[in-house]
Amino acid sequence: MSKAELKINDQTIELPVVVGSENEHALDISKLRGQTGYVTLDYGLKNTAVTRSSITYLEGENGILQYRGYPIEQLAEKASFLEVAYLIIYGELPDKNKLDEFTTGVTNHTLIHENMKKFYEGFPQHAHPMGVLASMVCALSAFYPDILETDGEDESLNLHVQRLIAKSATIAAWAYKNSVGHPAMYPQNRLDYSANFLYMMFAKPTEEYEISDTMVDALNKLLILHADHEQNCSTSTVRVVGSSRASLYTSVSAGIMALWGPLHGGANQAVLEMLQRIYDDGGASKQNIDKWIGRFKDKNSGQRLMGFGHRVYRNYDPRATILKKSADAVFDELKVNDPLLDIARELEHHALNDSYFVDRKLYPNVDYYSGLLYRAMEIPTDMFTVMFALGRMPGWIANWIEMTREGQPITRPRQIYTGETRRDYIPLEKR
Ligand code: CMC
């Protein structure tokens, strides 16, 4: 079937059916208003495809996530973050030369302008690192103003892509250093992306810092798992802002702001806070876990089992499966003895065997274990969303480029007006 029919009052119109490469079907309503005067209403765009895209495929019923056709499981197991970034941004896995070239390009741009370093002095010491990251990514457009003339086809775009990936890691790590009053650690270009980030976060000029391969591997996986997730809130934001032809840096900065919200990037922090409350309330005892599971099932309690359930996945979030395996390895190797971990395992076990969660298809999502993993790596809680942002960078960039290349028109939704109808102005003295 390539067309659907829509009957409105006495009028019947044909709507073209668009079919994606994984057999997803959509009704093209772009001519609906012109033909009938009607628009569609879809709060939260829950049922609206806002674009065609060839970057990421996500299928919630069966828990499938693929970047450019490659299953997330294979990429997380075998690839490096920069290799995945290249794949997402340029569409194909790089050969060795291309990967070397891209890695060298990113590595050469890890330094930030010394004047930007002074910005940190202006932020309050306890500034949230997401605010710092978004402002400084936006400020990159002032340091590299040719970005304003760069469109999706421009050769110089690659340079900006490399700058953005490299400098955002330095900006993020230095935001943390600033918050604890420690000197910034300059990037080490002998290290790969993940090792370098850990170095900038945790090394001090006063002592040797030994980088753990286990931590590097875990971080690499975390970044890959977050690298793209199709048209989520922050990615849609990047596209909306970019559709006005705003620059790559500006659009990505807006995406970082959208990610900051607790309904989007902030859920892993909420999981840890929930586990801490359960710990303070009596820990992993059977009695306490039963009590809390009961609360999560009770609509009147206003509490949900954070890290469970997903708008799109009605099955195990594939990212959660990978992360749980990786987290178990890290916890074992680092000999993590975290009471919150015991609580998380008990809760998960109970929920997966409870008909409330099973019937509603509520399974652990990516955030259930990522916070615990970051905690084991000693990454502070307010940096969790920053870590998400660093991982999501390739997805935002790829979506900005795809949208710009396709010449997407400026995003300008319609509304259904529900306010007062026309009325005359009343002079002030008569009101
Ligand atoms: N704990 C207890 N009950 C739940 C939960 C939960 N975590 N999630 C959903 N439900 C229940 C909900 O009460 C409803 O029950 P009923 O049908 O009896 O009214 C049913 O399951 C369906 O819930 P919903 O809110 O309609 O489902 P949704 O698809 O709109 O919400 C969600 C998805 C992720 C917002 C929700 O599952 C939730 O709040 N989870 C906890 C927060 C969380 O972990 N968020 C991170 C999501 S993953 C991040 C990412 O991919 O970016």
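This is a short tour of a predicted model, stop by stop, with what to select and what you'll find there.

**Stop 1: the ligand**

Start by selecting the ligand and the shell of residues around it. There are 18 residues in that shell, and the ones that come nearest are Arg 304, Leu 305, Gly 307, His 310 and Tyr 356. Colour the shell by class and you get seven nonpolar, four polar and seven charged residues.

Now show side chains for three basic-looking spots, one at a time. Pick Lys 299: an N or O atom in its side chain sits 3.0 Å from an oxygen atom of the ligand. Move on to Arg 314, where the distance from a side-chain N or O atom to a ligand oxygen is 3.1 Å. Then pick Arg 319, which has a polar side-chain atom 3.0 Å from an oxygen of the ligand. If you switch on a surface here, keep this in mind: on its own the ligand has 940 Å² of accessible area, and the protein covers 73% of that.

**Stop 2: a loop by Asn 315**

Next, select Lys 361. You'll find Lys 361 in the loop between helix H16 (355–359) and helix H17 (366–376). Is Lys 361 buried or exposed? Neither label fits: Lys 361 is partly exposed, because its relative accessible area is 38%. Add Asn 315 to the selection and draw a C-alpha to C-alpha distance: the two are 46 residues apart in sequence, yet the line reads 6.2 Å.

**Stop 3: the second largest pocket**

Hide the ligand and go to the second largest pocket, with a volume of about 240 Å³. Its lining has 15 residues, and to land by the centre you can select Glu 77, Lys 221, Ile 322, Lys 325 and Ser 326, the closest ones to it. Which elements give two or more residues to this lining? They are helix H2 (72–78), helix H9 (213–225) and H14. H14 has the largest share, with seven residues. By class, the lining splits into six nonpolar, three polar and six charged residues.

While you have H14 on screen, follow the chain onward to Lys 335. Lys 335 is in the loop between helix H14 (318–333) and helix H15 (339–352). Check the backbone there: Lys 335 isn't a glycine, but its phi is positive, about 50°. Lys 335 counts as exposed, since its relative accessibility is 68%.

**Stop 4: the enclosed space**

Time to look inside. Rolling a probe the size of a water molecule over the atoms shows where empty space is left. With a cut-off of 30 Å³ or more, the count here is one cavity. The largest cavity holds about 110 Å³ of space. To centre on it, select Thr 107, Thr 110, Asp 192, Tyr 193 and Asn 196, the closest to its centre among 15 lining residues. For the wider frame, show helix H4 (96–107), helix H7 (157–179) and helix H8 (193–202), each of which supplies at least two residues of the lining. Colour by class again: this lining has seven nonpolar residues, seven polar and one charged.

**Stop 5: helix H3**

Select residues 81–90, which is helix H3; it is mostly covered, with eight of its 10 residues buried. The buried set is Phe 81, Leu 82, Val 84, Ala 85, Tyr 86, Leu 87, Ile 88 and Ile 89. Step just past H3 to Gly 91, where phi is positive at about 100°.

**Stop 6: two serines**

First select Ser 234, which is in helix H10. Ser 234 counts as buried because its relative accessible area is 0%. Show its side chain together with that of Asn 232, and you'll see a polar contact between the two at 3.0 Å.

Then go to Ser 244, in the loop between helix H10 (233–242) and helix H11 (248–260). At a relative accessible area of 44%, Ser 244 is partly exposed. Bring in Arg 412 too: 168 residues separate Ser 244 and Arg 412 in sequence, while their C-alpha atoms are 9.7 Å apart.

**Last stop: Asn 23**

Finish by selecting Asn 23, in the loop between strand E2 (11–19) and strand E3 (25–27). Its phi is near 70°, a positive value in a residue other than glycine. With a relative accessible area of 53%, Asn 23 is exposed.

How values were computed: Residues are numbered from 1 along each chain as its sequence is written. This is a predicted model: local features need pLDDT of at least 70, side-chain atom pairs count only at pLDDT 80 or more; totals for chains, interfaces and linings use all residues. Side-chain values use heavy atoms; hydrogens and water are left out. A residue is near a molecule or strand if one of its heavy atoms lies within 4 Å of it. A polar contact is a pair of N or O atoms within 3.5 Å; within protein, one must be able to donate a hydrogen and the other to accept it, and residues adjacent in sequence count only if both atoms are side-chain atoms. Accessible areas come from the Shrake-Rupley method with a 1.4 Å probe; for residues, only the protein chains shown count as cover. Ala, Val, Leu, Ile, Met, Phe, Trp, Tyr, Cys and Pro count as nonpolar, Asp, Glu, Lys and Arg as charged, and the others, Gly among them, as polar. On a 1 Å grid over the protein atoms alone, a cavity is a set of points where a 1.4 Å probe fits but cannot get out, and a pocket is an open set with protein on both sides within 12 Å along at least five of seven lines; lining residues have an atom within 4 Å of a point. Grid points are joined across faces, edges and corners, and a volume is the space filled by probe spheres set on the points. Helices (H or I, at least four residues) and strands (E, at least two) are DSSP runs, numbered from the N terminus. Buried means under 20% relative accessible area, exposed over 50%, partly exposed in between (1.4 Å probe, protein chains only).
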